[in-house]
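Reader: I'm new to reading protein models and would love a close look at one part of this one. Could you walk me through it slowly?

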Amino acid sequence: MKLIVGLGNPGKAYALNRHNVGFRCIDFLAETHSIPLKKRQCQAQIGGGNISGVPVLLAKPRTFVNNSGESVKQLVQKYSLSLSDVIVIYDDLDLPLGRIRIRQGGNSGGHKGINSIITALQDKGFYRVRIGIGRPVSSDGMPVTDEEVIVDYVLGDFTAEEELVVKRVIARAGEAVECLLVEGPAKAMDKFNRATALS
């Protein structure tokens, strides 16, 4: 079985935030593949089913993004999963809006949710599907690095124009996860890492 985790913050106030694109991808997969997310377990909202014949457990941790590792560790232990069975979907400031990047292992890239998972599992070997949300820029067009500005940005909603792209990239992320499950990482990376949501 594969564990597919989307990162986000629980509650209606956060539902459409940039930081919640991982949750939205899980909702998309659940709807597309008729997998009800009705069970609460290991501090997560979960649902079991299959995607193209592959048994999966979809999960949305209820711990808030920065403590996602608590839930993921419990799920990995409960279902006796290896790190290669885990796929985490999350937002990435350093990818342009509309881009997807699949990889296995590596550092957190400053994402506190991923850092929490690495710390909890004591391993970096899980798969990641990164969804680009773009980094805010200053009035002179330079990327913003100020922590307070970035927190406000990721906890803000997409603009109406951005939302049009986001809906398409969420669907594409769903395709990427299915490709990763069925055809393997090499094929998925080759197909989706260079494409945009608009191509």
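Reader: Which element gives the most to the lining of the largest pocket, and with how many residues?

Author: Happy to help! Please keep in mind that this is a predicted model. Helix 4 gives the most to the lining of the largest pocket, with 4 residues. Let's look at the pocket itself, and then at what lies around the rest of the chain.

The largest pocket holds about 560 Å³ of space. Its lining is made up of 25 residues, and H19, L93, G110, H111 and K112 are the closest to its centre. Two elements, strand 5 and helix 4, each give two or more residues to the lining. Sorted by class, the lining has 9 nonpolar, 8 polar and 8 charged residues.

Both of those elements turn up again in the largest nonpolar core, which has 36 residues. Strand 5 (86–92) and helix 4 (147–154) are among the elements that give two or more residues to this core, and so are helix 1 (21–32), strand 4, strand 6 (100–104), strand 7 (127–132), helix 5 (160–183) and helix 6 (185–192). Helix 5 supplies the largest share, 9 residues. Within the core, the residues with the most contacts are I4, L58, I89 and I131.

I131 is a good one to click on. Beyond its neighbours within four places in sequence, I131 is in contact with V21, C25, I89, Y90, D91, D92, R99, I100, V169 and A173. Apart from the largest core lies another one, of 21 residues, including L57, V76, Y90 and I114.

Now for helix 1, where you will find R24. Is R24 buried or exposed? R24 counts as buried because its relative accessible area is 15%, and the cut-off for buried is under 20%. Leaving out residues up to four places away in sequence, R24 touches A15, L16, F158, E163, V166, K167 and I170.

Strand 4 is worth a stop too. P61 lies in this strand, which covers residues 54–61. With a relative accessible area of 2%, P61 is buried. Along the chain P61 and L7 are 54 residues apart, and their C-alpha atoms are separated by 6.8 Å. Setting aside neighbours within four places in sequence, P61 is in contact with V5, G6, G8, F23, Q43, A44 and S71.

That last name leads us to helix 2 (residues 68–78), the place of S71. S71 is buried as well, at 0% relative accessibility. Not counting residues up to four places away in sequence, S71 touches C42, Q43, A44, P61 and T63. Q43 and A44 are therefore worth finding on your screen, as they appear among the contacts of P61 and among those of S71, two residues that count as buried.

Between strand 4 and helix 2 runs a loop, and F64 sits in it. The phi of F64 is near 75 degrees, a positive value in a residue other than glycine. F64 counts as partly exposed, at 37% relative accessibility.

Another residue to compare is Q122, in the loop between helix 3 (112–121) and strand 7. Its phi is near 55 degrees, again a positive value in a residue other than glycine. Q122 counts as exposed because its relative accessibility is 65%, and exposed means over 50%.

Note on methods:
Residues numbered from 1 in each chain as written. Predicted model: local features only at pLDDT ≥ 70, side-chain atom pairs only at ≥ 80, totals over all residues. Heavy atoms only, no water. Buried < 20%, exposed > 50% of the residue type's maximum accessible area, 1.4 Å probe, protein only. Contact = heavy atoms within 4.5 Å. Core = buried A, V, L, I, M, F, W, Y, C linked by side-chain atoms within 4.5 Å. 1 Å grid on protein atoms, 1.4 Å probe; cavity = no way out; pocket = protein on both sides within 12 Å on 5 of 7 lines; lining within 4 Å. Points joined across faces, edges and corners; volume = space filled by probe spheres on them. Nonpolar A, V, L, I, M, F, W, Y, C, P; charged D, E, K, R; others polar.
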